[in-house]
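Reader: Could you take me through one part of this structure, slowly? I'm in my first year and would like to see how to look at a single piece.

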Amino acid sequence: MEADFVQSVCWPFLQSAQNADGGWGFHPGFVSRVEPTCWALHALLQASPPAQVEEAILGGFRFLRMAQLSDGAWPSSPKEKAGCWVTSLACWVLLSEKGSAPAVAAGMKWLCDDWPRDSTPWRRLLRRFSSDRELSTQNDSYRGWGWTPGTSSWVEPTSFALIAFGESPQELLPPTANRRRHLAEAMLYDRMCPGGGWNCGNPRVYGVAGEPLVIPTVWALLAMRNHPDRSEAAMSLEWLERVLDNVQGPGSLALARICLQCYGRKWPSATLSMRDVYQRNEFFGSIPVAAWLCLAWGSTVHWLSSATQERT
Amino acid sequence: MGFHGALAVERHPGKNLSMRNVHSALLPSFKRPPSHVAIRRAINYEQDFAALIYETLREFDLPVTGKTVLLKPNLVGLDPTGVMNTHPAIVAATRESFLRLGATQVLIGDGPALDRDTEAIVESVRLREFTGPLARTFIDLNIDDVQRVPFETHASRLKELYLPRTAMGVDFLVSMPKLKTHHWAGVTLSLKNMFGIVPGSCYGWPKNVLHWAGIDRAILDINAAARPDFAIVDGIIGMEGNGPIQGTPKACGLLIMGDDPVAVDATCCRVMGLLPEKVKYLAQAGTLLGHINPEKIEQRGENIASVRTPFAVVEGFRYLVE
């Protein structure tokens with residue numbers, strides 16, 4: 001039933017929303033941006049048969065290559081001159097096209113050179129003397145990625161970078177990639193909420209436990225799917241399964257399904273019907289949500305390598 | 001059934017307009033006319049707000065006939081108990097009131113700071129139950145088209161931000177916060193609420209670039225660039241202590257509205273038993289963006305002394321207490 005809905009509503013929506021420049025905006029008719037283009041491309045790459053959408057895919061790749069900045073990063077919107085977190089998304093999807101290898105390698109290098117600002121040795125020293133040092137339990141020697149350069153590490157951009165690194169062949173990664181990966185994985189485990197799951201990256205605020213959220217939990221679990229036996233993964237999957245009945249957002253539901261599939265967990269039959277959810281607000285016309293729904297229900301191809309498969 | 005292709009056109013009512021009011025926003029206080037703030041009692045969320053809000057807005061004689069209005073509530077996160085976010089009954093009644101006053105279109109928009117699933121938040125606060133269908137009314141400001149907005153105030157280190165076209169393009173912008181204390185800013189009211197227009201698609205969840213630029217100073221830059229034309233504060237049940245998320249509900253039974261967001265926030269502080277002159281960003285906003293001096297604020301409805309309800313603050317903000 002969900003597959004029919006995705007086939008009859010989400011696919012036509014996604015395909016008709018591509019702009020003439022090959023990219024997608026966050027809504028139909030909006031300016032092409034890197035993030036929605038990446039999600040739309042992931043969805044199209046899983047299309048069966050892919051030949052029918054080949055032109056659309058090539059257009060999307062073309063848009064992404066054109067959008068890359070000279071330093072190897074990607075900006076979130078076309079006129080911005082500085083790169084940001086969407087660089088991980090662009091690298092990840094461009095790995096599907098052999099001709100984009102130089103662009104991906106440049107993006108990976110930018111990612112490896114982009115260190116968060118909150119965890120420099122100087123900042124860590126200052127924090128030792130700060131009056132609010134007791135309010136946070138996080139270990140600042142672990143370092144991930146921020147949303148924008150020169151800011152703090154957060155769960156989602158760190159997860160996206162780890163996924164991009166994990167999907168990439170070794171030859172496209174700079175020598176520092178392994179070190180960044182280890183530090184970032186340690187950071188994610190350190191930032192898990194008590195009881196499992198992640199929020200944006202604050203497991204405690206003013207001494208109070210932070211509440212986990214579905215989307216950061218999904219991305220953190222997907223980023224660390226090559227460690228399925230860790231207790232943090234088990235706790236967080238259990239948290240995710242526990243809250244599914246109360247999840248109201250179509251984006252959260254689609255991503256939760258992708259995550260549980262990846263870990264070989266069953267999707268409960270009692271969750272909301274996507275058609276019913278659609279009739280509430282039409283997903284606010286969001287391209288990423290439509291793409292995530294296509295990835296969650298519309299494909300027989302494995303989008304991400306499964307957590308239970310051995311990874312090289 | 002299908003997604004609506006017309007959405008893009010409807011979502012950008014003011015697409016061809018330049019920045020709304022950046023130039024009129026920056027005036028030294030001695031050149032500003034007095035501001036007007038109304039305090040209305042509203043005991044709980046069960047009452048009919050439509051008449052109360054409509055009548056109050058009518059007193060302000062707002063220039064909204066034929067205009068597009070954007071209501072910017074404070075939608076922080078999943079909030080089944082209804083203490084964290086602006087209550088949907090207030091948002092719906094305000095929307096209805098502006099339509100009655102002759103506005104052509106009244107949109108509702110926010111860009112939640114911590115969770116990118118805006119639809120989940122909107123559903124958790126039951127906004128649709130109060131307003132009706134939202135597909136063509138609600139704008140997720142986190143993923144709107146953006147335009148470059150240079151800052152003229154240079155209060156923070158930020159020289160510019162990319163801000164949503166809808167927020168910059170509408171004719172009339174209304175900030176609709178909840179009456180809350182904040183563990184980093186002291187209070188979060190109509191000025192701090194404007195952080196919600198900064199798009200997550202550019203700056204993330206949370207919008208951490210604002211924290212690094214200095215929260216107090218970034219509030220000034222953003223409000224100078226996208227100054228709300230009006231503010232309506234949901235103070236029926238506020239939040240004290242460790243706000244904006246994990247604080248304690250505080251019954252206050254008030255709606256506070258006005259044509260100068262700085263004056264509205266200063267009035268809210270006085271109602272909460274806090275000194276607006278000691279809230280860093282408010283003190284600075286009082287020199288360029290609006291009035292915090294009570295002599296320059298024409299009070300309507302209840303007087304502050306009769307509704308004063310002291311709010312607890314976290315340790316670091318004890319100096320704000322009167």
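Reader: On the other side of α12(A), are Asp276(A) and Gln279(A) buried or exposed?

Author: Exposed, both of them. Before we go on, this is a predicted model, where local features need pLDDT of at least 70, side-chain atom pairs count only at pLDDT 80 or more, and totals for chains, interfaces and linings use all residues. Residues are numbered from 1 along each chain as its sequence is written, while chains are lettered from A and ligands numbered from 1 in the order in which they are written.

Now, the helix. The buried residues of α12(A) are Met274(A), Val277(A), Tyr278(A) and Asn281(A). (Buried takes 20 or more other C-beta atoms within 10 Å of a residue's own, exposed 12 or fewer, partly exposed anything in between, with C-beta atoms placed from the backbone.) These four sit on the same side of α12(A), because they cover an arc of only 100° around the axis, going by the directions from the helix axis to the C-beta atoms. An α-helix has 3.6 residues a turn, so residues three or four places apart point the same way.

What's lying over that buried side? Among the cover are α1, α11 and α13 (287-297) of chain A, plus α5 (118-124) and α6 (127-131) of chain B. Helices here are DSSP runs of H or I, at least four residues, and strands are runs of E, at least two, numbered from the N terminus. Contact means that C-beta atoms, placed from the backbone, lie within 7 Å, and 47 residues of chain A are in contact with 39 residues of chain B. Helix α12 (274-281) is one of the elements giving two or more residues to that side of chain A. Right after α12(A) comes Glu282(A), with a positive phi near 55°.

Technical notes
Contact = placed C-beta atoms within 7 Å.
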